[in-house]
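Open the model in your viewer and show it as a cartoon, with side chains ready to switch on. The tour below says what to select at each stop.

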Amino acid sequence: MRKKLLYALFLIISILFLPQSTLAEPQKLHDGTKPPNYNIYKNVDYQVEFQYPKSWKPVTGYTPAKYEGTDGYFLISAVSGVGLNIDDVVKFNAYHKLQPFGSRPKIESLSISGQEARLILPSTDQDEHMHNEASLIIKYPSPVTINGDKYYYLIIYADQNHIYQIGNTVTFIHS
């Protein structure tokens, strides 16, 4: 129950502080190379790394991380999901009573770094304060222990215009 309350608080905070983004066709990166205008975000605790636009800077006060720029943002999280399959975790996120992705989010099944994943894209009625937020939920190759708690799923929140770029570069690392 405590984790559900923390998650709800996290959603409310993200609603209040996410920047506006502009529409752009997502650029898909397939060859694993880092374009010169991208940096690599690496988090050993969450055992993940991926590329993000070089112009984005860390935002203080977010644990584990939020980066943003004038054209978008990302933040990462994890969910325990003990006893749940990925679709159960997605339903909890996509159809939360606060409707963070609008009333009719689109859900795509993906494989990211060889792992089962889902992409949640917002519907057209998403609240404007969510700033075009989309989400990637990826099953960890094996549970990750963070501060003594086990997590089975990584969540990356990003604006819809960058979620593909980020997702195409996700790699799981081992600490």
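The stops go from a sheet to a set of paired strands and then to aromatic side chains.

This is a predicted model, in which local features need pLDDT of at least 70, side-chain atom pairs count only at pLDDT 80 or more, and totals for chains, interfaces and linings use all residues. Residues are numbered from 1 along each chain as its sequence is written, and side-chain values use heavy atoms, with hydrogens and water left out.

**Stop 1: the open sheet**

Select residues 38–43 and 171–172, which are the edge strands β1 and β10, each pairing on one side only. Strands here are DSSP runs (E, at least two residues), numbered from the N terminus, and two of them pair if DSSP finds at least two bridges between them. Now add residues 48–53, strand β2, which runs antiparallel to β10 and is joined to it by 2 bridges. The open sheet has 3 strands in the order β1-β2-β10, with antiparallel pairing. To see one of the facing positions, pick Val 48, which stands opposite Phe 172 in β10.

**Stop 2: strand β9 and its partners**

Select residues 149–159. Is this strand, β9, enclosed or open? It is largely enclosed by the rest of the structure, because 8 of its 11 residues are buried, where buried means under 20% relative accessible area (1.4 Å probe, protein chains only).

Add residues 72–79: this is β5, antiparallel to β9 and joined to it by 6 bridges. Phe 74 has Ala 158 in β9 as its bridge partner. Next add residues 133–146, strand β8, which pairs with β9 in the antiparallel sense over 10 bridges. Ile 138 stands opposite Leu 154 in β9. Zoom in on the hairpin of β8 and β9: 2 residues lie between the strands, and Asn 147 takes a positive phi near 50°.

**Stop 3: aromatic side chains**

Rings of Phe, Tyr and Trp (its six-membered ring) pair if their centres lie within 6.5 Å; planes over 60 degrees apart count as edge-to-face, under 30 as stacked and the rest as tilted. The count comes to 9 aromatic pairs. Show Tyr 41 and Tyr 67, an edge-to-face pair with 5.6 Å centre to centre and 70° between the planes. Tyr 41 is in β1 and Tyr 67 in β4 (residues 65–69), so the pair ties together parts that are 26 residues apart in sequence. Tyr 41 counts as buried at 6% relative accessibility, and Tyr 67 counts as buried at 17%.

Extend the selection to Phe 50, Tyr 52, Trp 56 and Phe 74, which form one aromatic cluster with Tyr 41 and Tyr 67.

Definitions and conventions:
Helices (H or I, at least four residues) and strands (E, at least two) are DSSP runs, numbered from the N terminus. Buried means under 20% relative accessible area, exposed over 50%, partly exposed in between (1.4 Å probe, protein chains only).
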